[in-house]
Amino acid sequence: MNIPNQPSFIFDRQQFAEARIQLHYAIQPLAAISNALADSSNKGLFWDYGRGFTTRAITPIKSYRVALEPISLTLEFLTDRDQVISAFTLSDRTLSEAFDWMKAIVSGLGGDADLITPISYPPNDFPDSDLARGKTFQFLNLTSNLAEYYAIADRILQDIVQQEAMVSNVRIWPHHFDIATLISIPASNGEELSIGVGLSLGDGSYDEPYWYVTPYPYPEDRSSLPALNGDGIWHTEHWVGAVLTASQCGEPQASADQVKTFLNSAIAACKQLLN
């Protein structure tokens, strides 16, 4: 996968949203493979700098994983040595065709193809698109910019994983299409405290990419939230969290230092709120 070395981001909200929604649908076959596993609770995906979006290793039948190369929109079945078993280019093909291809591969590997079905999400909590009704995928120039965001986000979040004591692996979640990690905070009363840190490429809250750091549970008093560095702001409508949008920080590669400053400040602020 060839992500440009130099920042190439040109922010057009409508075009970016179209590319984002298309990729959001394109990863759904990867998420659906978890239905064929004994443990289907974890549908999180990973970022691979060579392959793009990937599943975890799938071993009940034969050790392999599934990947989506986002720039060429190509699905791939890979062995544990990253040899391609089969590839399927999504451009000019439908989502149902992609599922049919995946079912055929799973069946050929000795698995139950009937288990490979689209994941059902809560109503009004997944972007609507004609892709769900048989529209074909199309190559979009902005797809490489989305890949650039995930590559940078994975690198930044992996650094946070190294810094924190109780923290989850970095995952890409097929429901909301964000890449994130979760920091667990010890509590003497047994209450579950945590801080979510991640990047969303846009949703109902913001129609552009944004970094977020969210404390759980949300603070009851939202009138005097801690100051944030890196031009971050507090979001308090429907959910509470520190936010840094693409409009505030610009090109994904060029803004990495500002993002790190924001995240470190926001994590410290959320720990203060939870103590």
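**Pockets, sheets and aromatic pairs**

In this predicted model, the second largest pocket holds about 240 Å³ of space. It is lined by 14 residues, and those closest to its centre are Tyr 25, Leu 95, Pro 118, Phe 126 and Ala 132. By class, this lining consists of eight nonpolar, five polar and one charged residues.

The largest pocket has a volume of about 920 Å³. Its lining comprises 34 residues, of which His 176, Asp 178, Asp 203, Tyr 210 and Tyr 212 are the closest to the centre. The elements that contribute two or more residues to this lining are helix 1 (13-26), strand 6 (171-173), strand 7 (178-185), strand 8 (193-200) and strand 9 (210-216). Strand 9 provides the largest share, with five residues. Sorted by class, the lining of the largest pocket contains 14 nonpolar, 14 polar and six charged residues.

Strands 6, 7, 8 and 9, named above as parts of the pocket lining, also belong to a sheet. This open sheet is formed by six strands in the order 6-7-8-9-11-10, with antiparallel pairing. Strand 6 and strand 10 (233-235) stand at the edges; each has a single partner strand, so one side of each is left without a neighbour in the sheet. From one strand to the next, the twist averages 30°. At the edge formed by strand 6, three bridges join this strand to strand 7, and the two run antiparallel. Within this pairing, Ile 172 has Ile 179 of strand 7 as its bridge partner.

Two helices are described in contact with the six-stranded sheet. Helix 4 (residues 143-163) lies across strand 6, strand 7, strand 8 and strand 9, and runs at about 10° to strand 7. Helix 6 (residues 256-274) packs on the sheet as well, touching strand 7, strand 8, strand 9, strand 10 and strand 11 (241-245). The direction of helix 6 makes about 15° with that of strand 9. Strand 7, strand 8 and strand 9 thus appear in the contacts of helix 4 and in those of helix 6.

Another open sheet is built from five strands in the order 1-2-3-4-5, and its pairing is antiparallel. Its edges are strand 1 (46-48) and strand 5 (84-89), each with a single partner strand, so one side of each lacks a neighbour in the sheet. Neighbouring strands are turned against each other by 25° on average, direction ignored. Strand 2 (residues 52-54) and strand 3 (residues 64-69) run antiparallel and are joined by two bridges. Here Thr 54 stands opposite Ala 67 of strand 3. Helix 3 (residues 95-108) packs on this sheet, where it touches strand 3, strand 4 (74-79) and strand 5. The direction of helix 3 makes about 10° with that of strand 4.

Aromatic side chains were examined next. A pair of aromatic rings is described by the distance of the centres and the angle of the planes. The count of aromatic pairs in the model comes to 14. One of them is formed by Phe 77 and Trp 101, whose ring centres are 5.4 Å apart and whose planes stand at 65°; with angles over 60 degrees counted as edge-to-face, this pair is therefore edge-to-face. Phe 77 lies in strand 4 and Trp 101 in helix 3, so the pair ties together parts that are 24 residues apart in sequence. Helix 3 and strand 4 are also in contact where the helix packs on the five-stranded sheet.

Notes. Residues numbered from 1 in each chain as written. Predicted model: local features only at pLDDT ≥ 70, side-chain atom pairs only at ≥ 80, totals over all residues. Heavy atoms only, no water. 1 Å grid on protein atoms, 1.4 Å probe; cavity = no way out; pocket = protein on both sides within 12 Å on 5 of 7 lines; lining within 4 Å. Points joined across faces, edges and corners; volume = space filled by probe spheres on them. Helix = DSSP H or I, 4+ residues; strand = E, 2+ residues; numbered from the N terminus. Nonpolar A, V, L, I, M, F, W, Y, C, P; charged D, E, K, R; others polar. Pairing = 2+ DSSP bridges. Axes fitted to C-alpha atoms, helices over the stretch in contact; angles between N-to-C directions. Contact = heavy atoms within 4.5 Å. Phe/Tyr/Trp six-rings, centres within 6.5 Å; stacked < 30°, edge-to-face > 60°.
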